[in-house]
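Got your viewer open and a selection box ready? Here is a walk through one model, stop by stop, with something to click at each.

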Amino acid sequence: MPYKNAVLDDKDLQNNLKRLNPRFGDFVTRVAGEAWGGTLIPQKTKALITIAVDVANQNHKGPGNPFGAHIDMALKQGATRAEIEEILLFLCVYTGFNKVASCFGALNEFFERANLQQYPTPTNSEMGKISNPILDNPALQENLKTVNQQLGEFSIKVAGEAWNLPLIDTKTKALIAIAVDIANQDHVGDNNPFGLHLDIAFDNGSTAEEIEELLLFLCVYTGFNKAAVGFGALNEYLSQRRA
C-alpha cells in the first residue's frame, strides 16, 4: 500500500537519514514530514516533483544524495520506471540535456541494484487529461517568436514534443515545470516562464491553494528563500489574474 505520508510512514527512510547524522535525520523527518502532509497534491506527484528538483539541482551525486531515496519514494507510491524516465525526458527542456544525461545514468544504477519485488504493483490510477499547451496555443507561439524568431521556432518544436509525452498528465507536468522554475529561479526577470507555467497549471485544473501547497513543499527541496521569492511572484500573478 502506498504511504499516506511518504516521510512519516517510512521508518526505513527515517533510519537512513539518521545514519547520516542523528540530529539531521530528526530535523529532516519533522520538517519534510510536515511538508509531505499537505493533502491537495498526491504523494506520488510530490515524489515525482522531488526527482525533478534533484535533476535541476544535480542532487544525484555524492554520499548522502537524495536521488535514490526519491526514486524509492516514487516507486512506493505506485510510479513506474517508464513514468520516471518520461519525467527525465520532459526535463531536458527545462534543466538541460546534460543534467538529464547524468541523471539517467544514476537512474540506471538504481534499478540495477534495486529489489523491485519490495514495491507495490503499479495501479492504473486515474490520470488527468493530456493536452499540448505549446502546440495548441498559437498566441503563445507568436509570443515566443517575438523574443527571438529562431528561439521561438526551436522552443515550439522541442518543448512541443516534450509536452506530448503520454504517461504524465499535463497538470502534473505543469506542477513539475513550476517546481523547476523555483529551483532555477526562473520566475524573475524579463521573459521568465513562471507565468506561462502557472497558466498551464490553472488551465488544467490546478487551484491557487494547490500552487501554494507546492511552494510550501518546495521550501524543503529548494530552500525557503527561493520559495519566498516564488510566493511573491505567485501573489503578483494572482492579483493580475483576479483583476
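## Starting at a cysteine

Select Cys219 to begin: with a relative accessibility of 10%, Cys219 counts as buried, because the cut-off for that label is under 20%. Keep in mind as you click around that this is a predicted model.

While you have cysteines on screen, how many disulfides does a search of the whole structure find? The count is zero. Take Cys103 as a case: Cys103 is in no disulfide, and the nearest cysteine sulfur belongs to Cys92, 10 Å away. Cys103 is buried too, with a relative accessible area of 0%.

## The aromatic pairs

Now show the rings. A search of the whole structure finds six aromatic pairs. One of them joins Phe90 and Trp163, with ring centres 5.0 Å apart and 85° between the planes, which makes the pair edge-to-face. Colour by helix and you'll see that this pair links distant parts of the chain: Phe90 sits in helix 5 (residues 81-95) and Trp163 in helix 8 (residues 149-163), 73 residues apart. Are these two residues buried or exposed? Both Phe90 and Trp163 are buried.

Next, pick Phe110 and Phe111. Their ring centres are 5.4 Å apart and their planes meet at 80°, so this pair is edge-to-face; the angle clears the cut-off of over 60 degrees. Phe110 and Phe111 are both buried.

Then select Trp36, Phe217 and Tyr221 together, since the three form one aromatic cluster, a grouping that rests on ring centres lying within 6.5 Å. Stay on Trp36 and list its contacts, leaving out residues up to four places away in sequence: among them are Asn5, Val7, Lys46, Met73, Phe217 and Tyr221. Trp36 also matters for the next selection: in the largest nonpolar core, which has 68 residues, Trp36, Ile49, Ile71 and Leu91 touch the most other members.

## Along helix 8

Back to helix 8, where you met Trp163. Helix 8 has 15 residues and reaches 21 Å from its first C-alpha to its last, close to the 21 Å expected at 1.5 Å a residue. Start at the N-terminal end: Asn148 caps it, with a side-chain oxygen 3.0 Å from the backbone nitrogen of Gln150.

Which residues of helix 8 are buried? Select Gly152, Ile156, Ala159, Gly160, Ala162 and Trp163. Residues three or four places apart in an α-helix point the same way, because there are 3.6 residues a turn. The buried residues of helix 8 pack against helix 5, helix 7 (138-147), helix 9 (170-184) and helix 10 (194-203).

## Neighbours: helix 7 and helix 9

In helix 7, click Thr146. Thr146 counts as exposed, at 65% relative accessibility. The Thr146 side chain reaches the backbone oxygen of Asn143 at 2.5 Å. If you want a long distance line, draw one from Thr146 to Arg30: the C-alpha atoms are 47 Å apart, for residues 116 apart in sequence.

Over in helix 9, go to Ala174. Ala174 is buried, with a relative accessible area of 0%. Beyond residues up to four places away in sequence, Ala174 touches Trp163, His197, Ile200 and Ala201. For another distance line, try Ala174 to Leu8: 27 Å between C-alpha atoms, across 166 residues of chain.

## Two positive phi angles

Follow the chain on to the loop between helix 9 and helix 10 and select Gln185. Its phi is positive, about 55°, although Gln185 is not a glycine. Most residues other than glycine have a negative phi. Gln185 counts as partly exposed, at 26% relative accessibility.

Which other loop should you check? The one between helix 3 (43-57) and helix 4 (67-76), where Gln58 lies. Gln58 comes just after helix 3 and takes a positive phi of about 55°.

## Last stop: helix 3

Finish by selecting helix 3 itself. At 1.5 Å a residue its 15 residues should span 21 Å, and the end C-alpha atoms are indeed 21 Å apart. Switch on a surface for everything else: 14 of the 15 residues of helix 3 are buried, so this helix is largely enclosed by the rest of the structure.

Key
Residues numbered from 1 in each chain as written. Predicted model: local features only at pLDDT ≥ 70, side-chain atom pairs only at ≥ 80, totals over all residues. Heavy atoms only, no water. Phe/Tyr/Trp six-rings, centres within 6.5 Å; stacked < 30°, edge-to-face > 60°. Helix = DSSP H or I, 4+ residues; strand = E, 2+ residues; numbered from the N terminus. Buried < 20%, exposed > 50% of the residue type's maximum accessible area, 1.4 Å probe, protein only. Expected span 1.5 Å × (residues − 1). Contact = heavy atoms within 4.5 Å. Polar contact = N/O pair within 3.5 Å; in protein donor to acceptor, adjacent residues only side chain to side chain. Core = buried A, V, L, I, M, F, W, Y, C linked by side-chain atoms within 4.5 Å. Disulfide = S-S within 2.5 Å.
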